[in-house]
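Me: I am new to this structure and would like a close look at a single part of it. Please choose one residue and explain how its surroundings fit into the whole chain.

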Amino acid sequence: MTDEPFATWPLFGLRLRCGGTTLRPVRERDLAHLAAIQPDDYEHDPRVEVLPWMDVRQHRTRLVHQEYWRSMGTWSPASWCLGFAVEHEGAVVGVQSIEADDYPSLRTVDSGSWLVPGVRGRGIGVAMRTAVLGLAFDHLAARAAITSAVRDNHASLGVSRHLGYQDNGVSLTASGSGVVELVHLRLTAEEWRASGRGADVDVDGLEQCLRWFGVAPADE
């Protein structure tokens, strides 16, 4: 029998694989578990209103749900954000997102991610970022990928530089702990192709999703 959600929302059928890591789109049934395992050092958008009757854990749980609902409810082929549940050795260990604004014109993607502490330092952060870069550059015709991290987020910056991103300036932003400096990085399609990393990525279930990403199928 056909899975009805896949028929009406084909993005749920998308799968990315890199090494022993599999990425699948987050679904609503994942949200409670993701909220429970999301590490405390992952910083949500500091501009989001803190509701005074919620403690820190309730606030973070609310944001996990609302960020998912917002991305699904506002999706368009021009501007989109897709969060992937990251699976390693049969367990969900994190989230990797990829997003774009005005994608048909700019062909630029941004990314964000988090991993549970117990699996850090094992190459999973590199694998999950490689997977979404392979999707963007090799299947969605992206021209560039950008990313940002606070200066002391050495893990995120290390993954980016390992994959060939180049420094692209700095900026200041407000956070719950005050003003912080964001480091911006950028990777071009030419740099990605020269790295040869696309050969490490397998993508399944994409054909029916292309229009949802603002990309015309090859037969059009």
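Reply: The account below begins with the whole chain and then turns to Arg-24 and its surroundings.

This is a predicted model, in which local features need pLDDT of at least 70 and side-chain atom pairs count only at pLDDT 80 or more, while totals for chains, interfaces and linings use all residues. Residues are numbered from 1 along each chain as its sequence is written, and side-chain values use heavy atoms, with hydrogens and water left out.

The secondary structure of the protein chain comes to seven helices and nine strands; these are DSSP runs numbered from the N terminus, helices being H or I with at least four residues and strands E with at least two. The radius of gyration of the chain is 17 Å, close to the 17 Å that the globule rule gives for 220 residues, so the chain is as compact as a globular protein of that length. That radius is taken over C-alpha atoms, and the rule is 2.2 Å times the number of residues to the power 0.38. Along the principal axes, the C-alpha atoms fill a box of roughly 50 × 45 × 35 Å. Of the 220 residues, 45% count as buried; buried means under 20% relative accessible area, exposed over 50%, and partly exposed in between (1.4 Å probe, protein chains only). Among contacts (heavy atoms within 4.5 Å) between residues at least 6 apart in sequence, 60% join residues at least 24 apart.

Arg-24 lies in strand β2, which covers residues 21-25. Arg-24 is buried, with a relative accessible area of 15%. Leaving aside residues up to four places away in sequence, Arg-24 touches Leu-14, Arg-15, Asp-30, Gly-83, Phe-84, Ala-85, Glu-87 and Val-92.

One of these neighbours is a charged partner. Arg-24 forms a salt bridge with Asp-30, and their closest N and O atoms are 2.9 Å apart. A salt bridge here is a side-chain nitrogen of Lys or Arg within 4 Å of a carboxyl oxygen of Asp or Glu. Side chains of opposite charge can pair when their charged atoms come close. Asp-30 counts as buried too, at 12% relative accessibility.

The structure holds eight salt bridges, and two others give a setting for this one. In one of them, Arg-57 pairs with Asp-40, the closest N and O atoms being 2.8 Å apart. This pair links distant parts of the chain, with Arg-57 in helix α3 and Asp-40 in the loop between α2 and α3, 17 residues apart. Arg-57 counts as partly exposed at 34% relative accessibility, and Asp-40 as exposed at 62%. In the other, the side chains of Asp-167 and Arg-161 meet at 2.8 Å, N to O. Asp-167 is exposed at 55% relative accessibility, whereas Arg-161 is partly exposed at 42%. Returning to the chosen residue, salt bridges that share partners join Arg-24, Asp-30 and Glu-87 into one network.

The surroundings of Arg-24 also lead to the nonpolar interior. Its contacts include Leu-14 and Phe-84, and both are listed among the residues with the most contacts inside the largest nonpolar core, together with Leu-16, Trp-80, Leu-140, Leu-206 and Phe-213. That core has 59 residues; a nonpolar core is a set of buried Ala, Val, Leu, Ile, Met, Phe, Trp, Tyr and Cys residues joined through side-chain atoms within 4.5 Å. Helix α5 (residues 124-139) gives the most to this core, with nine residues. In soluble globular proteins, nonpolar side chains tend to be buried together. Phe-84 is also touched by Leu-16, whose other contacts beyond four places in sequence include Thr-21, Thr-22 and Leu-23.

Strand β3 (80-88), together with α2 (31-37), is also what the buried residues of helix α3 pack against. Helix α3 (residues 56-73) has 18 residues and reaches 25 Å from its first C-alpha to its last, close to the 26 Å expected, where the expected span is 1.5 Å times one less than the number of residues. Its buried residues include His-59, Arg-60, Leu-63, Tyr-68 and Met-72.
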